[in-house]
Amino acid sequence: MGRYLSKKVLIYLITFFFAVTLNWAVPRFAPGDPISMLLSRFVVLEGGRDILESFFVKTFGLDQPLLQQYFGFWRSLFRGDLGISISQYPKPVLSIIRDAIIYDIIILVPAIVLSWIIGNKLGAFSGVSKKADNFLMPVFYFLTSSPYFWFALLVSYLLGIVLGIFPTSHAYSATMRPGWNLAFIADFFMHWFMPFLTLFLVQLGGWAIGMRNMIIYETNTNYAKYMESLGARERLIRRYGFRNGILPQVTGLAISLGTVVSGAVLTQMVFSYPGLGYLMVQAIKQNDYFLIQGCFLFLIIMVLLANFTVDIIYMFIDPRVRHSYSGEV
Amino acid sequence: MKARWIVLAVVVSLVLGSTAVLAAERNQTLIVGGGTWSQATSWNPLYPNCANGIRGLVYETLFAYSPLTNEHKPWLAESGGWISDKLYEVKLRRNIYFSDGQPLTAADVVFTYELARDNELTYTPLWRNLREVKAVDNYTVQFIFDSPNYQEWQIELYTRDILPKHIWENVPGEDLMVITNDDPVGSGPYKKLLAGPDRNVWVRDDNWWGNAVFGQPKPVEIVDMIIYENNVALGMLMQRTLDLSNYFIPGVPAIKDLYGLTTWYDGPPYMISANVAMLVLNSQRKPLDDAKFRRALAFAVNPEIIVERVFERMVPVSDSTGLFGGWTEYRDAQVAEEYGFWYDPDLAKQMLADAGYVDKNGDGWIDMPDGSPIDFEIIVPSGWTDWMESIRIIAEAFRAIGINANPAFPDAGLYDERIQTGDFDMCINNYGTGISGSPFSYWNWVANHNINRTHVTEGNYGRYDNQELFDLIYKFNQLPPLSDESLAVASEIQKILLVEMPAIPFWLNGMWAQSTSQYWTNWPTADNPVGYPCSWANNWQFGTVEMLINLQPAQ
Amino acid sequence: MAARDFWRRHENLYFAITNKKVIFGVVIFLSIMALSIVGPMITPYDYEEFAGPGYQRPSKTHWFGTTIMGRDVFTQVVYGLRSTLLVGFLAGTIASAIGLVVGFVSGFFSGRAPDEGLMMLTNMFMVLPSLALLIILSAYLPYRGIVTQSLIVAATAWPWTARAVRSQTLSLKSQEFVNLSRISAAPTFRIIREDIAANMFSYVFMVYILQFNGTILSSVGLEFLGLGPTRGISLGLVLQNAVNWNALHLGMWWWTIIPGLILTMLIVSLYFINTGLDEVFNPRLREL
């Protein structure tokens, strides 16, 4: 167990290091200078631009040699200082991200958890009932094959425009103030529902199919057949099958996290839902180095932490790992 | 057992909480969008990227400017004018005060300008020609120049936010641009209420001095939404969660009656023109260094197609001179007649042939006189869909007369980098061609003289070098508005620009404005010009505040 | 007689072509392929031209309707399909190739240094959210063409193949016939080629299909965000345009729904083929 955990931690640390370096390097070696971009949109008096330009360059330290900037980046990372946004100067990157991250968590966590639970249950149901299977399988396939953004558009069109039930953008209405009251929460829920539904449904399909296949596989294993021949009740067999089938689904959950976070980025774009993914795309359009780095960093951290959590859960579920019988599964 | 108490506590707090603050009523709130593209992080009027609304809603300028009538409307000033060649005098209104109750007097005006003299601010360059600003008495300010830039001054009058001396004199020099000024104190009709990741909210100052002079603005709150996609804006318009949209929204002409949208004009061009969209040619690259070649290009394109297909007639074709609005007072009709351009592809081909550009190697494309091939890349930022379609059409038009031209869509950051460093053939641009109180800003953009640097940021990305033209533009700036001499110089400038054609003005981009009338009525339109429906930054003093005063809540 | 022998020898093939799921998937996939090949030939329009008035619903003259500016949606879709399929194919092949090599080597040398190192690398790439990585990479490329896009999509897609190939290699490695080869001192490379690879073909084929799906989805996602190839047309670009020009709000559902539906059906068909083949190669799943 210790070996399993420490190995995982090592991988995550190395991944983190690699991602951070990549994160720092790519925006810097790209063409397009954020300061000039900011400057070009201001119509100021003659000569005013030079003053602004030198002011910005000094503030952002962009005149230092690259290596110094790299080490400076790690140093400030450990201090918890992610720099100051260029496009939203002078707001610190950390506070911009802090405002945005709640929106990611609030659509991702319920969607992932609920779709995993309900998807697995539906898949198991479909695995044993042939009638339901014939009806449900095409639906699952359709769901899991849909590109996130297209499905988001579909949901937005059907529920938002045609039926007019839900608002098609933003996190809450223009006339609302965030506050712990019923009106605001109701309004927030209405705006939250469609992005959540998109992420929920698309993932649901995948889990259901996976579980359904696992159930069928397990039902045909030797031990299942043996139990059947002994006259064990179908529900008992199914329970064992479910427990065995759950293992790869948990691994699958970890693996799918990267994908669903990507899906969340696309969904946020369609609904203008102000999460990290949305913020990152806007930051790229404006060449805001620090904000891009910050967003990417947080996405990585989120995914790594989630992976780690799943690994720990897996450790408790799979007795083989607990007793170090085999390494990777 | 415990769980039940927790649930009860939650429900009770929710219910109690609902009776709490719910903000202003919907029919007292004006929801706008289209002018703000990122979260507000600075309310400091000295910082160019400060929140949209700081100028106009919170801080005010000496004069307001109406692009529709080309008039400077006295705002903080009661009157202003040139007393002598080098002296401009402003008489302030009485009874103006800031939102903290302190009066606004000549001392504040003097302070605002001297701040730029004593520190490095964006308007410090004014002091190259300004010698002294003094308060003659509490309500009279005199600007004494060494050699006045009359034309630029026309623009300055409605651009400078007047700051409260009693607050800003305590700010150290090096902090002037840096401080965020979280609680801005200005003389304007609105105050900052809050700023979130997707909105700015302004609340009406019921003690505004202007209530007695101009009238009281009707919306108690203005919510300025930050929306990145125009389809989202359209959705909000349709769901009536947006009252005024200043976004470019495709399809407005098709659905405006169906969804009850109000635009300035009922028919084409639907919108007021806001700036000139130009095809900028890089005159440092052959054969674009040849004026004859450049001029021929202007005859090759039919901008009507762009206007009709891309913009569904929401914009007009530009005049050859590019002048529109108040600038037309300087337009020389004879020069335009003689040197202007129109759509005539055969003529374009002829002009090219006459200048020595024909297809030498039979591949179907026109080549250089020495036989080497010609091919161009036209660039616009990726994602600016209307411009992307426009250059597809322009490239197609060029190909139709034998010029090998292709559109490309680099990302916005790369686009800016390339045009500033001169690494492009042709591009569409309009950054500095917004309507203003003097065509000087337009000409100084098209033919800016600061081109000898690695990054050109003040216009003239094509680095067109013509000292005679630069001198004329400089001279124009030094001439009083509409004086005979200024008109003569303006003529000269127009003629050179038409003959040399460093950039081709094709259409006038619109001041996009669509509004819904479920909560507010009496929107300004061509038939009812009670204001200027624009929530873009630094446009509030163009008549938008007037619009706010004249809006009526719907019954 | 000969036919029955043939089928008896290639038992798997028989099951493959009679499996309902495989048939369904193949039919749809081939139809879409046909659309992308034949479509551009039968359409009277060019994808850039203004083929008629805007806002037209699907009709006899415009099978999928027209866009807001009057471009023919059918033409845009069939040309776009070509580009998208090409990227998916190219990226999928490259990713599979990389994944195969990594997976084999890693599985064969399992437990030893090459395996540990490669697996670490694989896990790293798997954990990173691929779209975020792709966004960062593509946003900063000065020029984006089909090949460039395929390369970067492949760069984030190969870990899946590698992992799958490795686990299959592991399980095969411990089989009797491989041990026999080892005892007989056959060279490593031959063992890999003859014993392991030959038995993995079916598995690899299925993984390739999944890979193809993944790369298409990734690249369409990129195109939708405006980070796809800067020239030409692709399905993601058609959808992006539809969204940018307010297709849904303006009632032009055909511009958004139809291209997305075709894309979804493409992916569904591949999944069906994959599941069907899974049943074929794993008889235990054949029950339903």
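## Loops, sheets and contacts in chains A, B and C

Colleague: Pro287(B) is found in the loop between E13 and helix H9 (291–300) of chain B. What is the omega of the peptide bond from Lys286(B) to Pro287(B)?

Modeller: Bear in mind that this is a predicted model. Most peptide bonds are trans. The bond that joins Lys286(B) to Pro287(B) departs from that rule, for it is cis, with omega near -10 degrees.

Colleague: And between which strands does Pro269(B) lie?

Modeller: This proline also follows a cis peptide bond, the one from Pro268(B) to Pro269(B), where omega is near 5 degrees. Pro269(B) belongs to a loop of chain B, and the elements on either side of that loop are strand E12 (261–262) and E13.

Colleague: Which strand pairs with strand E13 (residues 272–281) of chain B over eight bridges?

Modeller: E13 belongs to an open sheet of five strands in chain B, with mixed pairing and the order E15-E14-E16-E13-E17, so that E15 (404–408) and E17 (503–511) of chain B stand at the edges, each with a single partner strand. Within E17(B), Leu508(B) is the bridge partner of Val276(B). The eight bridges are antiparallel, and they join E13(B) to E17(B).

Colleague: At what angle does H13(B) run to E15(B)?

Modeller: In the five-stranded sheet, neighbouring strands are turned by 20 degrees against each other on average, direction ignored. H13(B) lies across E13, strand E14 (375–379), E15 and strand E16 (426–429) of chain B, and the angle between H13(B) and E15(B) is about 170 degrees.

Colleague: Which helix gives the largest share of the side of chain B that touches chain C?

Modeller: The contact draws 21 residues from chain B and 16 residues from chain C. On the side of chain B, at least two residues come from each of helix H7 (230–238), helix H8 (252–255), helix H10 (303–310) and helix H13 (385–400). By class, that side has 10 nonpolar, seven polar and four charged residues. Its largest share, five residues, is supplied by H7(B).

Colleague: How many residues of strand E10 (residues 221–225) of chain B are buried?

Modeller: In a regular strand the side chains alternate between the two faces of the sheet. On one side of E10(B), Glu221(B), Val223(B) and Met225(B) are buried, and on the other Ile222(B) and Asp224(B) are buried too. The strand is therefore largely enclosed by the rest of the structure, its buried residues being five of the five.

Colleague: Which residue in E10(B) is the bridge partner of Ile31(B)?

Modeller: E10(B) pairs in the antiparallel sense with strand E9 (residues 199–204) of chain B over five bridges, and there Val203(B) has Glu221(B) as its bridge partner. Strand E1 (residues 29–33) of chain B, by contrast, runs parallel to E10(B) and is joined to it by five bridges. In that parallel pair, the partner of Ile31(B) is Val223(B).

Colleague: In the open sheet of four strands with the order E4-E5-E7-E6 (chain B), which are the edge strands?

Modeller: Pairing in this sheet is antiparallel, and E4(B) meets strand E5 (residues 87–92) of chain B over six bridges, with Leu92(B) in E5(B) as the bridge partner of Ala77(B). Helix H3 (residues 106–118) of chain B packs on the sheet, touching E5, E6 and strand E7 (140–145) of chain B, and its direction makes about 165 degrees with that of E6(B). The strands that pair on one side only are strand E4 (77–84) and strand E6 (130–137) of chain B.

Colleague: Is Asn95(B) buried or exposed?

Modeller: Asn95(B), in the loop between E5 and H3 of chain B, has a positive phi near 60 degrees. Because Asn95(B) has 10 C-beta neighbours inside 10 Å, it counts as exposed.

Colleague: At which residue does H10(A) bend?

Modeller: Helix H10 (residues 234–271) of chain A has 38 residues, yet its end C-alpha atoms are only 45 Å apart, short of the 56 Å that a straight helix would reach. Just after H10(A), Ser272(A) takes a positive phi of about 50 degrees. The helix itself bends by about 40 degrees at Ser256(A).

Terms used: Residues are numbered from 1 along each chain as its sequence is written. Chains are lettered from A and ligands numbered from 1 in the order in which they are written. This is a predicted model: local features need pLDDT of at least 70, side-chain atom pairs count only at pLDDT 80 or more; totals for chains, interfaces and linings use all residues. Two residues are in contact if their C-beta atoms, placed from the backbone, lie within 7 Å. Ala, Val, Leu, Ile, Met, Phe, Trp, Tyr, Cys and Pro count as nonpolar, Asp, Glu, Lys and Arg as charged, and the others, Gly among them, as polar. Two strands pair if DSSP finds at least two bridges between them. Axes are lines fitted to C-alpha atoms, for helices over the stretch in contact, and angles run from 0 to 180 degrees between N-to-C directions. The expected span of a helix is 1.5 Å times one less than its number of residues. The bend at a residue is the angle between axes fitted to the seven residues ending there and the seven starting there. A residue is buried if 20 or more other C-beta atoms lie within 10 Å of its own, exposed if 12 or fewer, and partly exposed in between; C-beta atoms are placed from the backbone.
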